[in-house]
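I wanted notes on pockets, strand pairing and aromatic contacts. The entries below follow the order in which I looked things up.

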Amino acid sequence: MGRRIGRGAALTFSLPGFDLDAFVKATLAEDLGPEGRDVTSEAVIAADACFAGVMDSRDAIVVAGLEIAEAFFRALDPEVRIERLVEDGARMDAGSDLMRLSGNARAMLTAERSALNTVQHLSGIATMTRAYIDAMGDTDCVLLDTRKTIPGLRMLE
(Lines give C-alpha, C1' and ligand atoms only; values in the text may rest on other atoms or scores of the structure.)
Protein backbone atom coordinates (compact mmCIF):
# COMPACT_ATOMS: atom_id res chain seq x y z
CA MET A 1 0.00 0.00 0.00
CA GLY A 2 2.63 2.52 1.06
CA ARG A 3 5.88 3.49 -0.58
CA ARG A 4 8.83 2.62 1.62
CA ILE A 5 11.67 5.05 1.71
CA GLY A 6 14.66 3.77 3.63
CA ARG A 7 18.18 4.91 4.31
CA GLY A 8 19.88 6.90 1.60
CA ALA A 9 16.83 7.08 -0.66
CA ALA A 10 16.72 10.28 -2.68
CA LEU A 11 13.55 12.31 -2.79
CA THR A 12 12.08 12.85 -6.22
CA PHE A 13 10.56 16.27 -5.50
CA SER A 14 11.03 18.62 -8.42
CA LEU A 15 9.46 22.01 -8.95
CA PRO A 16 11.22 24.30 -11.43
CA GLY A 17 12.55 27.37 -9.65
CA PHE A 18 12.15 25.91 -6.16
CA ASP A 19 15.17 24.86 -4.08
CA LEU A 20 13.88 22.25 -1.60
CA ASP A 21 17.15 22.02 0.32
CA ALA A 22 17.35 25.79 0.78
CA PHE A 23 13.68 25.92 1.85
CA VAL A 24 14.18 23.19 4.46
CA LYS A 25 17.37 24.78 5.76
CA ALA A 26 15.82 28.27 6.03
CA THR A 27 12.62 26.99 7.63
CA LEU A 28 14.48 24.94 10.24
CA ALA A 29 16.86 27.84 10.94
CA GLU A 30 13.90 30.16 11.56
CA ASP A 31 12.12 27.58 13.72
CA LEU A 32 15.16 26.65 15.81
CA GLY A 33 16.39 30.19 16.35
CA PRO A 34 19.93 31.51 16.67
CA GLU A 35 21.16 28.48 18.64
CA GLY A 36 19.98 26.09 15.94
CA ARG A 37 18.63 23.57 18.40
CA ASP A 38 15.43 22.42 20.03
CA VAL A 39 16.28 22.90 23.69
CA THR A 40 13.01 21.33 24.87
CA SER A 41 13.68 18.04 23.05
CA GLU A 42 17.28 18.07 24.27
CA ALA A 43 16.12 18.59 27.86
CA VAL A 44 13.56 15.79 27.98
CA ILE A 45 14.55 13.17 25.38
CA ALA A 46 17.65 10.98 25.54
CA ALA A 47 20.03 11.54 22.62
CA ASP A 48 19.75 7.91 21.49
CA ALA A 49 15.99 7.51 22.01
CA CYS A 50 14.03 6.12 19.07
CA PHE A 51 10.43 6.89 18.17
CA ALA A 52 7.83 5.57 15.79
CA GLY A 53 4.78 7.57 14.84
CA VAL A 54 2.11 8.28 12.28
CA MET A 55 1.23 11.54 10.56
CA ASP A 56 -2.53 11.65 10.14
CA SER A 57 -5.23 14.14 9.26
CA ARG A 58 -7.92 15.31 11.66
CA ASP A 59 -10.06 16.60 8.79
CA ALA A 60 -11.00 15.43 5.32
CA ILE A 61 -8.34 16.89 3.00
CA VAL A 62 -6.71 16.84 -0.39
CA VAL A 63 -3.13 15.93 0.52
CA ALA A 64 -0.22 18.18 -0.45
CA GLY A 65 3.36 18.54 0.74
CA LEU A 66 4.27 15.05 1.98
CA GLU A 67 7.56 14.88 0.12
CA ILE A 68 8.51 18.25 1.59
CA ALA A 69 7.63 16.91 5.05
CA GLU A 70 9.94 13.97 4.39
CA ALA A 71 12.75 16.38 3.58
CA PHE A 72 12.41 18.03 7.03
CA PHE A 73 12.69 14.67 8.80
CA ARG A 74 15.66 13.59 6.64
CA ALA A 75 17.48 16.87 7.21
CA LEU A 76 17.66 16.09 10.94
CA ASP A 77 17.87 12.29 10.75
CA PRO A 78 19.20 10.91 7.46
CA GLU A 79 18.50 7.39 8.79
CA VAL A 80 14.77 7.99 9.42
CA ARG A 81 12.50 5.33 7.96
CA ILE A 82 9.44 6.70 6.19
CA GLU A 83 6.49 4.90 4.66
CA ARG A 84 4.27 7.25 2.72
CA LEU A 85 0.77 5.81 2.74
CA VAL A 86 -0.81 8.22 0.22
CA GLU A 87 0.39 10.50 -2.55
CA ASP A 88 -0.12 14.22 -2.96
CA GLY A 89 -3.45 14.97 -4.60
CA ALA A 90 -5.30 12.13 -2.85
CA ARG A 91 -8.63 12.94 -1.20
CA MET A 92 -8.53 11.55 2.32
CA ASP A 93 -11.20 11.17 4.97
CA ALA A 94 -10.78 12.65 8.45
CA GLY A 95 -8.56 10.43 10.58
CA SER A 96 -6.63 8.98 7.64
CA ASP A 97 -2.99 8.02 8.12
CA LEU A 98 -0.67 9.82 5.69
CA MET A 99 2.77 8.44 6.58
CA ARG A 100 4.54 6.28 9.13
CA LEU A 101 7.93 7.27 10.51
CA SER A 102 10.55 5.78 12.79
CA GLY A 103 13.91 7.17 13.78
CA ASN A 104 15.73 9.35 16.26
CA ALA A 105 13.15 10.80 18.65
CA ARG A 106 14.85 14.18 19.11
CA ALA A 107 15.26 14.70 15.39
CA MET A 108 11.70 13.66 14.59
CA LEU A 109 10.15 15.89 17.24
CA THR A 110 12.32 18.82 16.16
CA ALA A 111 11.36 18.37 12.49
CA GLU A 112 7.67 17.64 13.03
CA ARG A 113 6.60 21.23 13.63
CA SER A 114 7.95 22.43 10.27
CA ALA A 115 6.78 19.27 8.50
CA LEU A 116 3.24 19.46 9.88
CA ASN A 117 2.90 23.20 9.33
CA THR A 118 3.93 22.79 5.69
CA VAL A 119 1.61 19.84 5.03
CA GLN A 120 -1.30 21.58 6.80
CA HIS A 121 -0.81 24.81 4.85
CA LEU A 122 -0.41 23.19 1.44
CA SER A 123 -3.19 20.66 2.05
CA GLY A 124 -5.48 23.52 3.08
CA ILE A 125 -4.82 25.25 -0.24
CA ALA A 126 -5.28 22.00 -2.19
CA THR A 127 -8.50 21.21 -0.34
CA MET A 128 -10.00 24.65 -0.94
CA THR A 129 -8.92 24.65 -4.58
CA ARG A 130 -10.59 21.25 -5.05
CA ALA A 131 -13.79 22.63 -3.48
CA TYR A 132 -13.78 25.54 -5.96
CA ILE A 133 -13.26 23.21 -8.90
CA ASP A 134 -16.04 20.91 -7.69
CA ALA A 135 -18.37 23.91 -7.22
CA MET A 136 -17.70 25.06 -10.80
CA GLY A 137 -18.83 21.67 -12.05
CA ASP A 138 -19.03 21.04 -15.76
CA THR A 139 -18.99 24.67 -16.89
CA ASP A 140 -16.86 26.81 -19.14
CA CYS A 141 -15.51 28.66 -16.08
CA VAL A 142 -11.76 28.89 -15.57
CA LEU A 143 -10.28 29.10 -12.09
CA LEU A 144 -7.66 31.85 -12.23
CA ASP A 145 -6.65 32.45 -8.62
CA THR A 146 -7.63 31.01 -5.27
CA ARG A 147 -5.54 32.88 -2.70
CA LYS A 148 -2.81 35.39 -1.99
CA THR A 149 0.66 33.92 -1.73
CA ILE A 150 3.15 34.15 1.11
CA PRO A 151 6.75 35.20 0.37
CA GLY A 152 8.99 32.16 0.51
CA LEU A 153 6.05 29.86 -0.23
CA ARG A 154 4.86 31.23 -3.58
CA MET A 155 6.30 28.39 -5.63
CA LEU A 156 4.74 25.77 -3.37
CA GLU A 157 1.40 27.49 -3.11
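How much space lies in the second largest pocket? I looked this up in what is a predicted model, and the answer is about 250 Å³.

**Entry: second largest pocket.** I listed the lining next: F23, A26, T27, E30, D31, S114, N117, T118, H121 and L153. The elements that give two or more residues to this lining are α1 (20-32) and α4. I noted that α1 supplies the largest share, 5 residues. By class I recorded 3 nonpolar, 5 polar and 2 charged residues for the lining of the second largest pocket.

**Entry: largest pocket.** For the largest pocket I noted a volume of about 510 Å³. Its lining has 21 residues, and M55, D56, S57, L116 and Q120 are the closest to the pocket centre. I then checked which elements contribute: β2 (50-56), β6 (97-104) and α4 (105-136) each give at least two residues to the lining of the largest pocket. Here the largest share comes from α4, with 9 residues. I sorted the lining of the largest pocket by class and got 11 nonpolar, 6 polar and 4 charged residues. Helix α4 therefore appears in my notes for both pockets, as a contributor to the lining of the largest and of the second largest, because an element is entered here by its DSSP run.

**Entry: strands.** Two of the elements lining the largest pocket, β2 and β6, are also strand partners: they pair in the antiparallel sense over 7 bridges. Which residue of β6 is the bridge partner of G53? I found L101. I also looked up β4 (residues 81-84), which pairs with β6 in the antiparallel sense over 4 bridges. On that side I82 has L101 as its bridge partner in β6. L101 is thus recorded as bridge partner of G53 and of I82.

**Entry: aromatic rings.** I went back to F23, one of the residues that line the second largest pocket. The count of aromatic pairs comes to 2. One of them is F18 with F23, at 5.4 Å centre to centre and 50° between the planes. I entered this pair as tilted because 50° is neither under 30 degrees, the limit for stacked, nor over 60, the limit for edge-to-face. F18, F23 and F72 form one aromatic cluster.

Are F18 and F23 buried or exposed? F18 counts as buried because its relative accessibility is 15%, and the cut-off for buried is under 20%. F23 is buried too, with a relative accessible area of 12%.

Notes. Residues numbered from 1 in each chain as written. Predicted model: local features only at pLDDT ≥ 70, side-chain atom pairs only at ≥ 80, totals over all residues. Heavy atoms only, no water. Phe/Tyr/Trp six-rings, centres within 6.5 Å; stacked < 30°, edge-to-face > 60°. Buried < 20%, exposed > 50% of the residue type's maximum accessible area, 1.4 Å probe, protein only. 1 Å grid on protein atoms, 1.4 Å probe; cavity = no way out; pocket = protein on both sides within 12 Å on 5 of 7 lines; lining within 4 Å. Points joined across faces, edges and corners; volume = space filled by probe spheres on them. Nonpolar A, V, L, I, M, F, W, Y, C, P; charged D, E, K, R; others polar. Pairing = 2+ DSSP bridges.
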